[in-house]
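Please walk me through this model, with the side-chain contacts and the helix packing. Keep it brisk.

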Amino acid sequence: MTTPIDATHHLGFPIETVAVFAVLSIGAIFIDLHAHRDDKPMSLKSASLWTVFWIIISLAFAGFLAWHHGATAASLFITGYALEKVLSVDNLFVMMAIFAWFKVPEGYRHRVLYWGIIGAIIFRMIFVAIGSSLLALGPVVDIIFALVIAYTAVMMLKSGGDDGEEIEDYSDHIAYRWVHRFFPVWPRLFGHNFFLNAQELEKAKAEAPMEHLELAGEDTKHPERSHPHAMKKGAWVATPLLLCLAVIEISDVMFAFDSVPAVIAVSREPLIVYSAMMFAILGLRTMYFVLEALKGYLVHLEKAVIVLLFFIAAKLALSATNHLFHHGFDISPVASLIVVLVVLAAGVVASVLYPEKAEEKK
């Protein structure tokens, strides 16, 4: 049973398609949450198996789209999904740096990533709605999006030799400052808690060495952010884990300014765009642990990301100029899918065949 649609411009899917998307995504979230309730570090084997699980869920939805709406809708979904996945690689490496700076134990990282992904899902929904609405204004917006994406690629190309060996100081990050503005912050981790209530705070004080007690609720590097009455009875106190989560959320929002226009360039249909991004995002938690184990080997993957950004910018520019000047040149959904998959595969294969740069960094 097939209901063909023009998935590039059609605005809306039947309610059963939305229902299948909701059941698959929400069901998978609950399965993942149930399976990772403890604070044990995730092994490479477990992360790899869960990554395969998320890919299967995504392909199942693609299969439903192909059966119910035709091959075009499915190819657009897979293209957007693959594009979001590969564009997320740099974001995951940033998360690794954030975790390293905050000294978050491996066992707690899945919890931080889980809530970070929930935030990303919400923000992507907002950005996709805004982006899709803006594109309805005409081809000029396409050109603006193309310039934004091309600018991102150029910036990545310029910083290609600097892989961030120095760990950034996140104490000046806007999210770090915001948390300190609204909450007193206990200077040490307390289990996997983001907040401490009064009882937990007393326990934390009892466990902390005496020399650290005066730091409670203070930002010693920026005294103006301190809370003089931070430890008063009944106050909710944040932990460094909340600071880490806030920095990750804001970093992901900044990343979304590049990735959302890139995926919207694949399809104008909001459900295809959002479902592709959501399924890709839901698999990022486990993909993080795979990349963390393999980051020394995927040395050419960033080059693939840069190539794809230039390709998407060109696709948007062609689409916009075709609307303006009717030159007849455009890139089909199938061609886009092939380019994305081939470039991604080339980045991985090149990293396997030519790993010498990884050795030079050591």
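## Histidine 68 and its partner

The side chains of histidine 68 and glutamate 16 are joined by a polar contact of 3.1 Å. A polar contact is a pair of N or O atoms within 3.5 Å; within protein, one must be able to donate a hydrogen and the other to accept it, and residues adjacent in sequence count only if both atoms are side-chain atoms. Histidine 68 sits in helix α2, residues 44-69. Its relative accessible area is 2%, so histidine 68 is buried. Buried means under 20% relative accessible area, exposed over 50%, and partly exposed in between, with a 1.4 Å probe and protein chains only.

This is a predicted model: local features need pLDDT of at least 70, side-chain atom pairs count only at pLDDT 80 or more, and totals for chains, interfaces and linings use all residues. Residues are numbered from 1 along each chain as its sequence is written, and side-chain values use heavy atoms, with hydrogens and water left out.

## The chain overall

The protein chain has 13 helices and two strands. Helices (H or I, at least four residues) and strands (E, at least two) are DSSP runs, numbered from the N terminus. Of its 362 residues, 49% count as buried.

Take the contacts between residues at least 6 apart in sequence: 85% of them join residues at least 24 apart. Contact here means heavy atoms within 4.5 Å.

## α2 against α9

Helix α9 covers residues 270-282, and its axis comes within 9 Å of the α2 axis. The two cross at roughly 165°. Axes are lines fitted to C-alpha atoms, for helices over the stretch in contact, and angles run from 0 to 180 degrees between N-to-C directions. α2 and α9 are therefore roughly antiparallel. Angles under 35 degrees count as roughly parallel, over 145 as roughly antiparallel, 65 to 115 as roughly perpendicular and the rest as oblique.

The crossing of α2 and α9 is right-handed. That term applies if the near helix is turned clockwise from the far one by less than a right angle, and left-handed if anticlockwise. From α2, Trp54, Ile57, Ser58 and Phe61 meet Ser275, Phe279 and Leu282 of α9. Serine 46 also belongs to α2. At 25% relative accessibility, serine 46 is partly exposed. Its C-alpha atom is separated by 9.1 Å from that of valine 290, although the two are 244 residues apart along the chain.

## Inside α9

Twelve of the 13 residues of α9 are buried, so the rest of the structure largely encloses this helix. Among them are Tyr274, Met277, Met278 and Phe279. At the N-terminal end, glutamate 269 acts as a cap: one of its side-chain oxygens lies 2.9 Å from the backbone nitrogen of leucine 271.

At 1.5 Å a residue, α9 should span 18 Å, and its end C-alpha atoms are 18 Å apart, which agrees. The expected span is 1.5 Å times one less than the number of residues.

## α3, α8 and a loop lysine

The axes of α3 and helix α8 (residues 240-264) come within 10 Å and cross at roughly 155°. That makes the pair roughly antiparallel. α3 passes α8 in a right-handed crossing. Residues that meet include Leu83, Leu87 and Phe99 in α3, and Leu243, Val247 and Phe255 in α8.

Lysine 103 is in the loop between α3 (71-102) and α4 (106-135). Its phi is near 55°, a positive value in a residue other than glycine. At 67% relative accessibility, lysine 103 counts as exposed.

## α5, α11 and α12

Helix α5 (residues 139-158) and α11 have axes that come within 8 Å and cross at roughly 160°. They are therefore roughly antiparallel. Their crossing is left-handed. α11 holds 25 residues, 301-325, and its end C-alpha atoms are 36 Å apart, which agrees with the expected 36 Å. Just after α11, histidine 326 takes a positive phi of about 55°.

Serine 351 lies in helix α12, residues 333-353. Serine 351 is buried, at 3% relative accessible area. A polar atom of its side chain lies 2.8 Å from the backbone oxygen of glycine 347. Which residues does serine 351 contact, leaving aside its neighbours within four places in sequence? They are Tyr297, Leu298, Val299, His300 and Leu301. The C-alpha atoms of serine 351 and valine 299 are separated by 5.4 Å, with the two residues 52 apart along the chain.
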